[in-house]
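This report describes selected features of a predicted model. It treats aromatic pairs, helix packing, strand pairing and one residue of a further strand.

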Amino acid sequence: MNINFLIKAQFDLLQNHLELFSKELETADVIAANYYDLPNYEKDQEHTAPEEILVHEITGQEALKKIVFAFSDLFLSSEKSGKVLTRHPGIVLVNDKFKHLQNRINSINIEKAKFKELILSIPNNDARFEAVHSAIPNLITLAAYRKIHFESESPYSIRFSWMKKHATKTLTKDAALEMLERSSKYSNPRAIDQESWLKAVESEKMRVASLGSDSKLRIRRPTRVTPEVNVRFTATNRYHVSGALPFVMLNPNKKLKVGSLPNYDSKVNDPRKKEYNFLVDRIYLERKE
């Protein structure tokens, strides 16, 4: 069967569940809703990680409207960046006595997983892109993959924080030296003179060269920060999930403690913490234990 037809059919099924979920959430017994509005990224900001992110908290009915919209925000608009996905951190506390919402969310997550599996069954990246955007123009594929996270038990607290993920790449000693050798041939990339730059790179090369030939290295480069939801039952029973979509708390306990998403400041949330002990700080190179 034609792959474009399968993609469109699976997406239509997913979207139908999302539309029903939106209607059900709008008419549900909502106890509280909080949405944390983040700045939009323009196209000229796509390749620059922000030093700070100012969060605007929205509550009540307006927050609920934004939360409902967040689950169906799957398409690219002309004014938004296509490379930086819009994040929709927030939380909605809702009574779900008969598990209608819980069942709906489970169904949505199943269809999302099926949609992702179908797309990833196409072996070539270019072919995937062509197939998806031919079947569903302007779809933000990664946004369609996003799982909706919820909790139906009774945690002690739900709080928000900022998480910086790392793009990890393992490499050999020889590969690291080759990378540093290429660096020495670059023109001055920083606010120092070329001679000082060459001395700095030479020092980095010496540190790597002093390692044993079988040393395992990796680059752990921090990527753009993303909101995180932290769910705690006890000191040892806790978990965290992505806050890219609003978190749904079903049948919350009256004593539940709910935090808010703070502003992000890179000076406070510095990814180059001392415990990382980078071998070459400039490129986030470290020894792999």
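A residue counts as buried when its relative accessible area is under 20%, as exposed when that area is over 50%, and as partly exposed in between. Ser242 has a relative accessible area of 30%, so this residue is partly exposed. Ser242 belongs to strand 8, which spans residues 238-242. Along the chain, Ser242 and Thr226 are 16 residues apart, and their C-alpha atoms are separated by 7.6 Å.

**Aromatic pairs**

The predicted model contains six aromatic pairs. One of them joins Phe11 to Phe75 in an edge-to-face arrangement, with 6.0 Å from centre to centre and 90° between the planes. Phe11 is part of helix 1 (residues 3-26), whereas Phe75 sits in the loop between helix 2 (60-70) and strand 4 (90-95); the pair therefore ties together parts that are 64 residues apart in sequence. The two partners can also be described by their accessibility. Phe11 has a relative accessible area of 2% and is buried, while Phe75, at 31%, is partly exposed.

Phe11 also pairs with Phe115: the ring centres are 5.8 Å apart and the planes stand at 50°, so this pair is tilted. Here too distant parts of the chain are linked, since Phe11 lies in helix 1 and Phe115 in helix 3 (residues 100-120), 104 residues apart. Both Phe11 and Phe115 are buried. Ring pairs join Phe11, Phe75, Phe115 and Tyr145 into a cluster.

**Packing of helix 1 and helix 3**

How is a pair of packed helices described? The description uses the angle between the two axes and the distance between them. For helix 1 and helix 3, the axes come within 10 Å and cross at roughly 160°. An angle over 145 degrees counts as roughly antiparallel, so helix 1 is roughly antiparallel to helix 3. The crossing of helix 1 past helix 3 is left-handed. Sorted by class, the residues in the contact of helix 1 with helix 3 are 16 nonpolar, three polar and five charged. Phe11 in helix 1 and Phe115 in helix 3 thus supply a ring pair between these two helices.

**Strand pairing**

Strand 1 (residues 29-37) pairs with strand 4 in the antiparallel sense through six bridges. Strand 1 is likewise joined to strand 3 (residues 56-59), again antiparallel, by four bridges. Strand 4 in turn pairs with strand 9 (residues 247-250) in the parallel sense, over four bridges. Residues that stand opposite one another in these pairings are listed below.

| Residue | Partner |
|---|---|
| Asp29 | Asn95 in strand 4 |
| Val30 | Val94 in strand 4 |
| Asn34 | Thr59 in strand 3 |
| Val94 | Leu250 in strand 9 |

Val94 appears in two of these pairings: Val94 is the bridge partner of Val30, and Val94 also stands opposite Leu250. Is strand 4 mostly covered or mostly exposed? Five of the six residues of strand 4 are buried, and the strand is mostly covered.

Conventions
Residues numbered from 1 in each chain as written. Predicted model: local features only at pLDDT ≥ 70, side-chain atom pairs only at ≥ 80, totals over all residues. Heavy atoms only, no water. Phe/Tyr/Trp six-rings, centres within 6.5 Å; stacked < 30°, edge-to-face > 60°. Buried < 20%, exposed > 50% of the residue type's maximum accessible area, 1.4 Å probe, protein only. Axes fitted to C-alpha atoms, helices over the stretch in contact; angles between N-to-C directions. Parallel < 35°, antiparallel > 145°, perpendicular 65-115°, else oblique. Left-handed = near helix turned anticlockwise from the far one by under 90°. Nonpolar A, V, L, I, M, F, W, Y, C, P; charged D, E, K, R; others polar. Pairing = 2+ DSSP bridges.
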